[in-house]
Amino acid sequence: MTLELALFAILAAAVGVSAVGVVASGTIVRSAVWLLFTLIGVAFVYFLLGAAFLGAAQLIVYVGGTLVLVVFGGMLTAGGPFEALKTKRAEWAVGLLVAGGLFALLASVSLQLGGAIPTAADAPAELPGPGPLGLAFLGVPDGKRPAYLLVFEIVSVHLLVVLIGAAYLARPTKRVPPPQ
Amino acid sequence: MTALGPTPFLLLAAFLFACGVLCVATKRNAVGVLMGVELVLNAANLNLVTFARFRPEFRLEGQVFAVLVIVLAAAEAAVALAIILNFYNARGSVDVDTADHLKG
């Protein structure tokens, strides 16, 4: 049992339990907290895979931005402080069937791929850090490195447009009180 | 990192994907459905980074795609929450079962 395997086992257990917690929680705020732990666990898995910049980006953007947004949305739209919308048992059964089938399909494909892909012995080094990644996004010409400048610009403008549009969509209008 | 192949990471991503799909299928709160979508996107990102790590030819592209997915997921969460807020202002509840006005 190497250190990497032990670390991955701990992280995978944490991420798995948190993901089940997101699904199984009754109230929306509890689901958000479990999602927080899931996203932090996934960021640590990125660190374990050698993608340090991506782990940091996940923590900053996903946990610190997107999840805070989701928590705000959940709190602003809650009908009551402890309201929990319950799902019928038949819907749970169908959902579990579909999710179980999807997991079985993906797991079988992953187990088959595991043999074909060269294992870690052939992939020696770590992933590129912020330096090469930044240069690729800036479009600095290099013989062997592809440039992602156009994609970077498109995504930046897209984010700006989307945020302006979302702010306009969510502007205060006449409010209907919750049915009580 | 010599004892760990790509398979454990792929299995973890598959489990996250299944949990996300279950969340989307069973949650009645619209914000809960959005959380399921975030789980699915994280599973896809994990797959991208795993293949970047264990395949030398994807070393940069996997990370680039994952960064773009993170940014686009943030944008999509903003739009989804704006729609949910609008729905809440118009109807007073975020129960997706009550969103049946287009039903025949």
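Which helix of chain B is Ala73(B) found in? Ala73(B) sits in helix α3, which covers residues 61-91 of that chain. Keep in mind that this is a predicted model.

**Chain B as a whole**

Let's zoom out from that helix for a moment. Chain B is built from three helices and zero strands, so reading from the N terminus you simply get α-α-α. Its radius of gyration is 17 Å, well over the 13 Å that the globule rule gives for 104 residues, so chain B is more spread out than a compact globule. Along the principal axes, the C-alpha atoms take up a box of roughly 55 × 25 × 25 Å.

Even so, buried residues account for 57% of the 104 residues in chain B. Of the contacts in chain B with a separation of 6 or more, 55% are between residues 24 or more positions apart. As for the outside, the accessible surface of chain B is about 3600 Å², and carbon and sulfur atoms own 68% of that. On the charge side, chain B carries 7 positive and 7 negative side chains, with the centres of the two sets 5 Å apart.

**Where the chains meet**

Chain A puts 86 residues into the contact, and chain B puts in 72 residues. Between them they bury about 7500 Å², with carbon and sulfur atoms giving 77% of it. On the chain A side, Leu49(A), Tyr62(A) and Thr77(A) supply 9% of the area that chain A buries against chain B, more than any other three residues.

**A closer look at one spot**

Back to Ala73(B), and to a partner across the interface, Thr66(A). Here are the two side by side:

| Residue | Helix | Relative accessibility |
|---|---|---|
| Thr66(A) | α3 of chain A (residues 52-76) | 3% |
| Ala73(B) | α3 of chain B (residues 61-91) | 1% |

Is Thr66(A) buried or exposed? Thr66(A) counts as buried, because its relative accessibility is 3% and the cut-off for buried is under 20%. Ala73(B), at 1%, counts as buried too.

What does Thr66(A) touch, leaving aside its neighbours within four places in sequence? Its contacts are Val61(A) from its own chain, plus Glu38(B), Ala73(B), Ala74(B) and Ala77(B) from chain B. With the same kind of neighbours left out, Ala73(B) is in contact with Tyr62(A) and Thr66(A) on one side, and with Glu38(B) and Leu41(B) within chain B. Glu38(B) is therefore on the contact lists of Thr66(A) and Ala73(B), given that contact means heavy atoms within 4.5 Å. Tyr62(A), for its part, is one of the three residues named above for buried area.

One last distance: the C-alpha atoms of Ala73(B) and Asn42(B) are separated by 9.4 Å, with the two residues 31 apart along the chain.

Terms used
Residues are numbered from 1 along each chain as its sequence is written. Chains are lettered from A and ligands numbered from 1 in the order in which they are written. This is a predicted model: local features need pLDDT of at least 70, side-chain atom pairs count only at pLDDT 80 or more; totals for chains, interfaces and linings use all residues. Side-chain values use heavy atoms; hydrogens and water are left out. Helices (H or I, at least four residues) and strands (E, at least two) are DSSP runs, numbered from the N terminus. The radius of gyration is taken over C-alpha atoms; the globule rule is 2.2 Å times the number of residues to the power 0.38. Buried means under 20% relative accessible area, exposed over 50%, partly exposed in between (1.4 Å probe, protein chains only). Accessible areas come from the Shrake-Rupley method with a 1.4 Å probe; for residues, only the protein chains shown count as cover. Lys and Arg count as positive and Asp and Glu as negative; His and the chain ends are not counted. The place of a charge is taken as NZ of Lys, CZ of Arg, CG of Asp or CD of Glu. Buried area is the accessible area (1.4 Å probe) that two parts lose on being put together, summed over both.
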